[in-house]
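Student: I have a multi-chain model open and some questions about it. Can we go through them one by one?

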Amino acid sequence: MKGWQQYWRQFSLFALLALVLTGCGKDELSALKPSGPVAAMQFDLMKLSSAIMIGVFIVVMAIFTYVLIRYRKRPGQQGIPKQVEGNHALEILWTVIPFLLLIIMAIPTVTTGFALHKEYPKEEAVQVKVTAHQFWWEFEYPDLGVATAQDLVLPVGKKVQFVLSASDVKHAFWIPALGGKIDTNPGQENKMWLQADKTGIYYGKCAELCGASHALMDFKVEVMEQADFDTWVAGMKGVQAKEPVTATSPLAAEGQQIFDKSCLGCHAVAGKGGKMGPNLTNFADRERVAGIKAHTPENIADWLKDPQKIKPGNKMPNLNLDDNQVKALVEYMETLSVSEKK
Amino acid sequence: MANHHAHAVLPDEPEKATLEGKNKVLGFWLFLGGETVLFGSLFATFIALRDQANGGPTSQALFDMNLVAVATLLLLTSSMTSVMATLALHKKDLKKIQLWLTITVILGLGFLALEIYEFVHYVNEGLKMSTSAFSSAFYTLVGFHGAHVAFGICWIILLQLSATKKGLTVVTAPKFYLASLYWHFIDVVWVFIFTVVYLMGMIGGKVG
Amino acid sequence: MSAHASHAPNRSGLWDYLTTVDHKKIAILYLIAGGIFFLAGGLEALLIRLQLMYPEIEFVGAKTFNELITMHGTTMIFLAVMPIIFALMNAIVPLQIGARDVAFPFVNALGFWLFFFGGVLLNTSWFLGGAPDAGWTSYTTLALNQYSGRGVDFYVLGLQIAGLGTLIGGINFLVTIINMRAPGMTFMRMPMFTWASFITSGLILFAFPAITVGLVLLMFDRLFGGNFFNPDAGGNVVIWEHLFWIFGHPEVYILILPAFGIISEVVSTFSRKRLFGYSSMVFATALIGFLGFMVWAHHMFTTGLGAIANTLFGLATMLIAVPTGIKIFNWLLTMWGGQIRFPTANLFAVGFIPTFTIGGMTGVMLAVPPADYQYHDSYFVVAHFHYVIVGGLVFGLFSGLYYWWPKMFGKMLNETIGKWNFWTFFIGFHLTFFPQHFLGLMGMPRRVFTYLKDQNLDMGNFISTIGAFGMTIGTILFVINVFVAAKSSKRAPADPWDGRSLEWAIPSPPPEYNFVQTPLVRGLDALWVEKMAGNKGMTPAEPIGDIHMPSPSFLPFLMSLGLFVAGYGFIYHNYVVVVIGILATLACMFTRSVKDDPGYHIHEDELEEKGVKA
């Protein structure tokens, strides 16, 4: 017994150490590092409820430890313990106190609950229509007349009103650092608002089992200054107004030919093309390839060669391209940008 | 064991004369409690989906209230005749039990025939299981009830046949009692179906 | 009626168990079948943890992973812990109320075989084209034909058959407890485990029909072109969620209340004190059962039900903390002032208290809807419900098994192996699930087959997998212990723990008829009352006489087999097979109805000589 208790201490120390080492997770991803008012309100409620609960736990553990040490049967102990039926005062006490603690929790629960369910009109918030697909995210800005996929672009410090749905199965839209979360139901629309208070990249996740590649259904949120956001919108619109990007090199021109023939049926670029797959208008600006891989030409090529290998169960077929075709296609796709940086 | 007295004088309320009988009666009431949740869930589903005709026939366009009224009349009458059978059971009169149950079964068969006719008619009108969410919910709820009626008819016939051999004993009495209870339950469910599916179905479109 | 077989039909071995209607043997059947499914579910869990040990690895792959999580959840809930609960209920409840058998011995056997064949049907999916992969919750539209394979058909049919068995089992226990109590065994003298079994059975009765309807509708959508959950034809995916959770939340209490009952018995016995606040324990159990039906939508806070519904369901959920808290403090005060011994049974019970308290705490945290929007469908939830179901229920089951093993089998489980079993399982459990709270908050959704390298989720997942090995070792030690006990030649005494309730007044294992004479109960803790009055055993309430027993029957097995066959017919759209299967079942029902069971008598001279051999 003694030996085991020592091991137990070592184990818990190890576990604690590990958690400290890991910290509270990545800034971009963790619900413990709120970067907006919604996540902050939620974090406050978490802190309040866990503080109360830890208080209760300490009381329970104190009595527990005392009882286990004080009342363990000693060798040679005689007699029969007093058979206590109960104690009304105590029983009332531990009914009323938890009830009061719950009331303390209930008040902010109600106020925050209703605050989070407010709906903001377009005068007060950027309106974004989110449609979840197996296994990618479509983002439309109906008031701004632009559409994108996988990388959600938002202005900093401004409320964003989401209207969410799904085209196939149920998914759930979650940006832990900004606040979460709401399901996207096929055939129904849900609403949620969020706001980011710091510029930068945040990670978004699908939180509802949606098929084989549920784990890989990540997206990114790029939060920028209002001016940059306006530029981005203008860039998106500008591209849409004119013809699709004209190829900048012979290789890219070859890629464009392949693209127009094999890809445009499902993927839109600059307002032309199908809606089966993600819109690729600003593909070259995207943070990741397929939402998960680093944005490198090699990863794009890998995807094009065998999309099922990277995201099993996704709807993109293997186009059976040879290496040269892939190379040309990558070259072309890397020109699909609305940013001046690239 | 109470079985010894089977051929002697039958006690009053023979369905509850033995512990086995008491257990059966209580168990069956509980079972009907579960059945209530079952039909409750089906009703809730139906109410949620009843206006989703998906371009197919709607309840307003389809329902023939005359037919439903006759079916309702048959089933409610059969409920009454099954009460008469229970009363006869308490008078320990097997002949009367058999008579009233026979009438109950005939009325039940009439109801079932009308329901089958109704379903066939609707299918011909273009309302198939796969037509719409409304059609799925309609056939499932009403069909579940119809299956209960069919099962009840078979059960009562079986009891009647075996009672001709075994007579009325503390073993057969609870079975008659339960069958009658079951039949009542089915009638009560039908009253709700008549209201929720048919009556509300006639006016549903104007409200929703 | 007039003809009685005067001797027990001579049956032995496998045939005996295939035809038995004896609640003690049915208990053993439930335990064996539930135990095997528990090992299968545990193996699935281990594979899940291995896949998640390191980021971005290919071990079982995405599709198999989804099958594993679906089958792990479904197996553990429906096929492992529920049957083991039923095993203990069958073995103990009739003894605790002083009954010779359950109200419906035949139905009892039927309940077991339905569960068994339902479970086997579900698990054969592994070999017939793939297991269900839409999660144990099988949310639509993912669970419709378009998006998932034939596995979900196995889920739909297997659970319907198994669920039917559970439902009739629940009715059986309700009637048994209401009608079969020995003289003097009033409701407020019933042991806590019997009370918990009573309320759990009530919950089963009102919760299972909801999932049955859900499964039927899903089956109609998948097999017969129904449109309940197909939004393109006017269907509504949220209906499935409601039906599932109207069942699913009471199911949590169906599982945990018997564990509460076991802990109450064990803590009281090993403290040598009566249960502190017995009446408030009964009241709390009933209140938890009642509130359990009012809170299902807290599983759907992110579904989009709106602020008002979410807030109301959230507040109702918080309320459950009050009766649960009452229970925890009552256990602590039961130990207070006692003489606490720590055999393995009590180690698990004592280990249960802090562990379950943590599960309850996170439960209250989850009841706060705005915060739940962050926790929902993340690993925080995975941690929470494993603290409740493993840290609560499975600890409780281990405790109950160590406590009642001698009564069920007449052999004691080895205490040394038992202690190793406890410590490996306990430490393994906390290592596995404690870090998962943080993984969830750090942004790891549940049901992901992998996670990316650069997201700080590596360490927590690694520790979690190491913990899973600890739980594996603990489970293996239990299995070893079972075999060691079976080999041991030492017989268990009737009352090895200085017990308090009626089951300890009769031999271990009890004879077929349980009590030679029905006992007269004179207070709570019936046996303890007699012990304190200086009596050797219970006072009988009847003279010695012949005992009437129900006949064994093969019909329950055949009836269930019929539905099992019909299940395959549905899955493979072969309606000839469906008709054959259902006709077989109906034929059995017909036989049962027409052919009365005369039973047989055990003559008074034979009493005490016969015993159940395990």
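Student: How many salt bridges are there between chain C and chain A?

Tutor: Keep in mind that this is a predicted model. A pair counts when a side-chain nitrogen of Lys or Arg lies within 4 Å of a carboxyl oxygen of Asp or Glu. Glu241(C) and Lys170(A) form such a pair, at 2.7 Å from N to O. Between chain C and chain A the count is three.

Student: What area do chain C and chain A bury between them?

Tutor: Start with the contacts: 100 residues of chain C touch 99 residues of chain A. Carbon and sulfur atoms carry 72% of the buried area. The total between the two chains is about 8,700 Å².

Student: Which residues of chain C lose the most area to chain A?

Tutor: Three residues head the list on that side. Together they make up 8% of what the chain C side buries. They are Phe329(C), Gln339(C) and Gln374(C).

Student: Now for the helices. Are H6(C) and H8(C) roughly parallel or roughly antiparallel to each other?

Tutor: H6 covers residues 192–223 of chain C, and H8 covers residues 278–291. Their axes are 10 Å apart and make an angle of about 15°. Angles under 35 degrees count as roughly parallel. H6(C) and H8(C) are therefore roughly parallel.

Student: Is the crossing of H6(C) and H8(C) left-handed or right-handed, and how do the contact residues divide?

Tutor: H6(C) passes H8(C) in a right-handed crossing. On the H6(C) side the contact includes Trp195(C) and Leu203(C), and on the H8(C) side Met281(C) and Thr285(C). The residues of this contact divide into nine nonpolar, two polar and no charged.

Student: Which residue in the loop between H7 and H8 of chain C has a positive phi although it is not a glycine?

Tutor: Most residues other than glycine have a negative phi. The exception here sits between helix H7 (237–271) and H8 of chain C. Its phi is about 55°. The residue is Arg272(C).

Student: Where is the cis peptide bond with omega near -5°?

Tutor: Most peptide bonds are trans. This one leads into a residue of the loop between strand S1 (125–133) and strand S2 (136–141) of chain A. The bond runs from Gln134(A) to Phe135(A).

Student: What is omega for the cis bond that joins Gly180(A) and Lys181(A)?

Tutor: Lys181(A) belongs to strand S7, residues 179–184 of chain A. The bond that joins Gly180(A) to Lys181(A) is cis, and its omega is about -15°.

Notes: Residues are numbered from 1 along each chain as its sequence is written. Chains are lettered from A and ligands numbered from 1 in the order in which they are written. This is a predicted model: local features need pLDDT of at least 70, side-chain atom pairs count only at pLDDT 80 or more; totals for chains, interfaces and linings use all residues. Side-chain values use heavy atoms; hydrogens and water are left out. Axes are lines fitted to C-alpha atoms, for helices over the stretch in contact, and angles run from 0 to 180 degrees between N-to-C directions. Helices (H or I, at least four residues) and strands (E, at least two) are DSSP runs, numbered from the N terminus. Angles under 35 degrees count as roughly parallel, over 145 as roughly antiparallel, 65 to 115 as roughly perpendicular and the rest as oblique. A crossing is left-handed if the near helix is turned anticlockwise from the far one by less than a right angle, and right-handed if clockwise. Contact means heavy atoms within 4.5 Å. Ala, Val, Leu, Ile, Met, Phe, Trp, Tyr, Cys and Pro count as nonpolar, Asp, Glu, Lys and Arg as charged, and the others, Gly among them, as polar. Buried area is the accessible area (1.4 Å probe) that two parts lose on being put together, summed over both.
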